[in-house]
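Work through the exercises below with the coordinates open. Each task is followed by a solution in steps.

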Amino acid sequence: MPAKHRIFTTPFANVYPYYIAKAERKGRTKAEVDALIGWLTGYRPRELVKVLKQQTDFETFFAKAPRMNPARALIKGTICGVRVEEIQEPTMREIRYLDKLVDELAQGKPMAKILRA
């Protein structure tokens with residue numbers, strides 16, 4: 001059995017500031033990043049704060065997500081040179097979905113389009 005990728009055991013709180021910084025560099029807001037996370041995972045703002053304080057790792061973050069959005073399967077495209085829809089490992093695919101959403105936000109796409117509304 002291959003070893004887990006180290007991102008799985010990385011606390012979500014360690015990467016979250018990078019998502020915020022990426023969005024803010026492009027004129028977007030923390031609230032928009034939080035909205036993306038909520039749309040994808042079902043975490044409400046208070047729950048997200050709790051997860052961040054508890055240093056929950058990525059694997060647990062997604063495994064215990066209140067409600068993964070079924071529309072996430074509509075997220076297509078490449079992230080880090082890999083097509084997200086072709087990623088076989090479920091947790092890695094969820095991580096890359098979030099990466100892709102933050103990328104789209106930083107690229108200036110409207111929230112309605114990012115959220116596949």
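## Exercise 1: a residue in a helix

At 18% relative accessibility, Glu32 counts as buried. The model is a predicted one.

Task: state where Glu32 is found, justify its class, and say which residues Glu32 touches, not counting residues up to four places away in sequence.

Solution.
1. Glu32 is found in helix α2.
2. The cut-off for buried is under 20% relative accessible area. Glu32 has 18%, so Glu32 counts as buried.
3. Leaving out residues up to four places away in sequence, Glu32 touches Leu105 and Met111.

## Exercise 2: aromatic pairs

Task: say how many aromatic pairs the structure holds, then classify the pair of Tyr43 and Phe61 and the pair of Phe58 and Phe62.

Solution.
1. The structure holds seven aromatic pairs.
2. For Tyr43 and Phe61, the ring centres are 4.7 Å apart and the planes are at 20°, so this pair is stacked. The cut-off for stacked is planes under 30 degrees apart.
3. The pair links distant parts of the chain: Tyr43 sits in the loop between α2 (30-41) and α3 (45-53), while Phe61 belongs to helix α4 (residues 58-63), 18 residues apart.
4. Both Tyr43 and Phe61 are buried.
5. Phe58 and Phe62 are also stacked, at 6.4 Å centre to centre and 25° between the planes. The centre-to-centre limit for a pair is within 6.5 Å.
6. Both of these residues, Phe58 and Phe62, lie in helix α4, four residues apart, which is about one turn of the helix.
7. Phe58 has 0% relative accessibility and therefore counts as buried. Phe62 is buried as well, with a relative accessible area of 6%.
8. One aromatic cluster is formed by Phe12, Tyr16, Tyr19, Tyr43, Phe58, Phe61 and Phe62.

## Exercise 3: positive phi

Task: for Gln55 and Cys80, give phi, then the place in the chain and the accessibility class of each.

Solution.
1. Gln55 is a residue other than glycine, and its phi is positive, near 60°. Gln55 is found in the loop between α3 and α4. Its relative accessibility is 41%, so Gln55 counts as partly exposed.
2. Cys80 is not a glycine either, yet has a positive phi of about 55°. Cys80 has its place in the loop between β1 (78-79) and β2 (82-83). With a relative accessible area of 63%, Cys80 is exposed.

## Exercise 4: the whole chain

Task: describe the fold pattern of the protein chain, then decide whether its radius of gyration fits the globule rule.

Solution.
1. The protein chain has six helices and two strands, in the order α-α-α-α-β-β-α-α along the sequence.
2. The radius of gyration is 13 Å, close to the 13 Å from the globule rule for 117 residues, so the chain is as compact as a globular protein of that length.
3. Along the principal axes, the C-alpha atoms fill a box of roughly 40 × 30 × 25 Å.
4. Of the 117 residues, 47% count as buried.
5. Among contacts between residues at least 6 apart in sequence, 64% join residues at least 24 apart.
6. The accessible surface comes to about 6,900 Å², and 55% of this belongs to carbon and sulfur atoms.
7. There are 22 positive and 13 negative side chains, and the centres of the two sets lie 3 Å apart.

Key:
Residues are numbered from 1 along each chain as its sequence is written. This is a predicted model: local features need pLDDT of at least 70, side-chain atom pairs count only at pLDDT 80 or more; totals for chains, interfaces and linings use all residues. Side-chain values use heavy atoms; hydrogens and water are left out. Rings of Phe, Tyr and Trp (its six-membered ring) pair if their centres lie within 6.5 Å; planes under 30 degrees apart count as stacked, over 60 as edge-to-face and the rest as tilted. Buried means under 20% relative accessible area, exposed over 50%, partly exposed in between (1.4 Å probe, protein chains only). Contact means heavy atoms within 4.5 Å. The radius of gyration is taken over C-alpha atoms; the globule rule is 2.2 Å times the number of residues to the power 0.38. Accessible areas come from the Shrake-Rupley method with a 1.4 Å probe; for residues, only the protein chains shown count as cover. Lys and Arg count as positive and Asp and Glu as negative; His and the chain ends are not counted. The place of a charge is taken as NZ of Lys, CZ of Arg, CG of Asp or CD of Glu.
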